[in-house]
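Open the model in a viewer and keep the selection tool at hand. The tour goes stop by stop, with something to select at each one.

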Amino acid sequence: MKKIMGRGVLLSTLLFFSFMGYAEEWQVVRENAQKSFHKTVPAGNYSGITHLHDDIYAVVSDKSDSALYFNFRIQVNPATGDLEQVENLGYTFMVDGSRFDGKPWHGTEKGFDHEAIAKVSDSTVVIASEGKCRLKEYLIKDYPAKLYLKGWENVWPPEDFYPNYNFESLAFDSIRHLLWTIPESTLRKDGVPATPENGLANKLRLMAYSWSHGLQDSIGFGMAMYAYQMDAPSTRRKAETYVMGVSELCVLPDGQLLVLEREAFIPKVKLGAFCKCKLFLVNPSNEKRISALDLLNQDSPFVKKQLLTEWKTSLSLVKRSFANYEGMCLGPKLEDGSQVLILLSDSQNQYAGVLRDCFKTIVIKKK
């Protein structure tokens, strides 16, 4: 990673160590029902979302290696924030920046497992690859058709994580120049992941990378780390598949964070499966930082969190609402000044013809 100091970097560093003063509380004013748009959204494995411009959003898939992200048009009712239309407009592919020949990426790397995306400037995005245990920056060129490999990259040793439990979340604070992420579950050095059998609460590391702009290359440097503890599992029943972790982060305009905790329970017979989501508000500026060398335990200074809302979807003989929400970002502001959150679920390519690619909006505002 390059180290370049300048006025922009110094300002970013100051904001990094003291990025927010007084912050107000937020509340949910409306939670709109989830919807699916099967005519305009093909079956996929959509797992992360970020706003690009106007009503266009970038959505990543955890099963695609050639399409770096898909361009979605998402339209909401300007009065209620309810979804009116969602449409997949097609993909933006990756090209080899050393060639600049406009040909799609045909590199040897496969299995990216892209789980999250964050726009960090008008020309760059960062994508979290769970398969590669990394965060990587890409340059948007010939917008919006192509993405080129860029400079910044942060790679973690795969052995730090339990299988399929590393980078799942990304959010960018464009005012304070902070790139936020958090592992989906407990790191190996901090314990074991939560299961219905052990009843543990996952202990996670919430991280903010200071991000500099205004240079020839965007430079990510420096990191603040906070201890975050999830709620314990809500069930003790044995599952064939069980996933408990933070599936997404979102930065609010005042610098506070929304944390989406997700618990997915799937028994062998599939009927009785449920996905429980909890949306929390945290204010890292009021919390004590930890070191990467600190081991998390019951005495760690876990950040305080405020529950804003929770919802549960399920699969039964009479109900097929099951939706595993993995993506979340800010949408538009409504006529009354309240803020829309847009969430999307991963249907596993509309598994067995039962699941749907669901979208949902939540409207929030300051108290």
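Which residue in β8 is the bridge partner of Lys119? Select the two together: the partner is Val125. Keep in mind throughout that this is a predicted model.

**Stop 1: β8 and its neighbours**

Lys119 belongs to strand β7, residues 114–119, which pairs with β8 in the antiparallel sense over five bridges. Four residues lie between β7 and β8, and the two strands form a hairpin.

Now select β8 itself, residues 124–129. Six of its six residues are buried, so the strand is largely enclosed by the rest of the structure. Show the side chains: Thr124, Val126 and Ala128 point one way, while Val125, Ile127 and Ser129 point the other way.

Next add β9, residues 134–141, which runs antiparallel to β8 and is joined to it by six bridges. One pairing to pick out is Ile127 with its bridge partner in β9, Lys136. β8 and β9 also form a hairpin with four residues between them, and Cys133 in that turn has a positive phi of about 55 degrees.

**Stop 2: the nonpolar cores**

Select Trp180, Ile182, Leu206, Tyr228, Val246 and Leu249, which touch the most other members of the largest nonpolar core, a set of 25 residues. Strands that each supply at least two residues of this core include β12 (178–181), β13 (203–212) and β14 (219–229). The largest share, five residues, comes from β15.

Centre the view on Val246. Not counting residues up to four places away in sequence, Val246 touches ten residues' worth of neighbours listed here in part: among them are Ile182, Leu204, Tyr228 and Val259. A second, separate core has 24 residues, including Leu252, Leu258, Ala264 and Ala273.

**Stop 3: the pockets**

Where is the centre of the largest pocket? Select Thr241, Val243, Ile266, Asn324 and Gln348, which lie nearest to it among the 32 lining residues. The pocket holds about 710 Å³ of space. β16 gives the largest share of its lining, three residues. Colour the lining by class to see 14 nonpolar, five polar and 13 charged residues.

The second largest pocket has a volume of about 510 Å³. Of its 25 lining residues, Thr50, Lys119, Phe172, Ser174 and Leu330 are the closest to its centre. Lys119 is thus a return to the opening stop. The elements that give two or more residues to this lining include β7 and β15. By class, the lining has 17 nonpolar, five polar and three charged residues.

Definitions and conventions. Residues numbered from 1 in each chain as written. Predicted model: local features only at pLDDT ≥ 70, side-chain atom pairs only at ≥ 80, totals over all residues. Heavy atoms only, no water. Core = buried A, V, L, I, M, F, W, Y, C linked by side-chain atoms within 4.5 Å. Buried < 20%, exposed > 50% of the residue type's maximum accessible area, 1.4 Å probe, protein only. Contact = heavy atoms within 4.5 Å. Pairing = 2+ DSSP bridges. 1 Å grid on protein atoms, 1.4 Å probe; cavity = no way out; pocket = protein on both sides within 12 Å on 5 of 7 lines; lining within 4 Å. Points joined across faces, edges and corners; volume = space filled by probe spheres on them. Nonpolar A, V, L, I, M, F, W, Y, C, P; charged D, E, K, R; others polar.
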